[in-house]
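Visitor: Please take a close look at one part of this structure and explain it step by step. Start from a single side chain and work outwards from there.

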Amino acid sequence: MRRKTAPLTTLLWLIIAASILLSAVLEHPPIILTVSAEDYAPDATSTDEGCTTENNDETCINPSTTEQDETTTTPPPQQFSPSGERLITSTELASHGIKSTESKEAATAGGHTIWLSILGRIYDVTTGGPSFYGPKGSYNFYSGRDASPCFHSGKNNEEGAAEKLEEWEDDTHLMSVYDWSKFYEDHETYQFMGVLVDSKYYDENGEETDVRKGIVERASRAKVIAEKKKEERKKARLEKRKADREKNKKK
């Protein structure tokens, strides 16, 4: 009977193949790739909480408020003059005007307030309503601007508003504008808001300019003269009435 040698031969070949493979591995070791945290995210890494780490500094963003923050602007802080009066720019003043082309409803929608300026002093005249300052109101042109000369001249247009009060020769005309400013100052419901900075009437710090001082001084002087003449005319009328009564008694 012959002996079976196949299994032994197969085992021998497996040993030879393993030896060859081991020799190849020792001669050419396998390349092992290593990946560090910096290789994985060289610029930034994200966390589960919406935070980003960059250069060891962590910044967190709330996704629910990102869109709102992009569309919402924070108004600049209010500034005041040394005397405590609020400083208001022409841009802010204009935002409280009403266009003549607007509808009456649109002019007062959303709590829109109406401001005007006279001799550089700004008043909230919302209580005057659209009937005065609305699109069809007789004083619509005055809203959102300083149109001081127009209060006397009645030229309610850009040319009229650009007239230089300080160059007017008749002080009684200045007195007319100044009387209007006192009307707004003493009004029961109109509210003083502040002064118009960087204008001919108040400088950037809210200080009264020489131009305004000169206008007020001339207007005030004219007011005194006008009041004196008024009293003289009143006295003359009373004296005439008295003389007429005495004359009638003698008849």
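Guide: Glu 227 has a relative accessible area of 35%, so this residue counts as partly exposed, the range for that label running from 20% to 50%. The model is predicted, and what follows describes that prediction. The partner of Glu 227 is Lys 223: their side chains meet in a salt bridge, with 3.7 Å from N to O. Lys 223 is also partly exposed, at 29% relative accessibility. In general, side chains of opposite charge can pair when their charged atoms come close. Both Glu 227 and Lys 223 belong to helix H10, and they are 4 residues apart, about one turn of the helix.

Helix H10 itself covers residues 210-250, which is 41 residues. From its first C-alpha to its last, H10 reaches 60 Å, close to the 60 Å expected at 1.5 Å a residue. Some residues of H10 are buried: Arg 212, Ile 215, Val 216, Arg 218, Ala 219 and Ala 222. What do the buried residues of H10 pack against? They pack against strand S6 (121-124) and helix H9 (171-185).

Strand S6 brings in another charged pair. Arg 121 forms a salt bridge with Glu 85, and the closest N and O atoms are 3.1 Å apart. Arg 121 lies in strand S6, whereas Glu 85 lies in the loop between helix H3 (63-71) and strand S4 (87-88), so this salt bridge ties together parts that are 36 residues apart in sequence. Arg 121 and Glu 85 are both buried. The pair is also part of a network of salt bridges that links Glu 85, Arg 121 and Glu 185. Across the structure there are 13 salt bridges. Another one joins Lys 164 and Glu 167, at 3.9 Å from N to O. Here Lys 164 is partly exposed, at 44% relative accessibility, while Glu 167 is exposed, at 54%.

The aromatic rings come next. A pair of aromatic rings is described by the distance of the centres and the angle of the planes. The search of the whole structure finds 17 aromatic pairs. In one of them, Tyr 139 and Tyr 142, the ring centres are 5.6 Å apart and the planes stand at 55 degrees, so the pair is tilted. Tyr 139 is partly exposed, with a relative accessible area of 24%, but Tyr 142 is buried, at 4%. Tyr 184 and Tyr 190 make a stacked pair, with 5.6 Å from centre to centre and 20 degrees between the planes. The word stacked applies because an angle of 20 degrees is under 30 degrees. Tyr 184 counts as buried at 1% relative accessibility, and Tyr 190 is buried as well, at 11%.

These four tyrosines belong to a cluster linked by ring pairs, with Tyr 123, Phe 132, Tyr 133, Phe 141, Phe 151, Trp 180, Phe 183 and Phe 192 as the other members. One member, Phe 141, also has a charge over its ring: the charged end of Arg 145 sits there, 4.0 Å from the ring centre.

Methods: Residues are numbered from 1 along each chain as its sequence is written. This is a predicted model: local features need pLDDT of at least 70, side-chain atom pairs count only at pLDDT 80 or more; totals for chains, interfaces and linings use all residues. Side-chain values use heavy atoms; hydrogens and water are left out. Rings of Phe, Tyr and Trp (its six-membered ring) pair if their centres lie within 6.5 Å; planes under 30 degrees apart count as stacked, over 60 as edge-to-face and the rest as tilted. Buried means under 20% relative accessible area, exposed over 50%, partly exposed in between (1.4 Å probe, protein chains only). A charge sits over a ring if NZ of Lys or CZ of Arg is within 6 Å of the ring centre and within 35 degrees of the ring normal. Helices (H or I, at least four residues) and strands (E, at least two) are DSSP runs, numbered from the N terminus. The expected span of a helix is 1.5 Å times one less than its number of residues. Contact means heavy atoms within 4.5 Å. A salt bridge is a side-chain nitrogen of Lys or Arg within 4 Å of a carboxyl oxygen of Asp or Glu.
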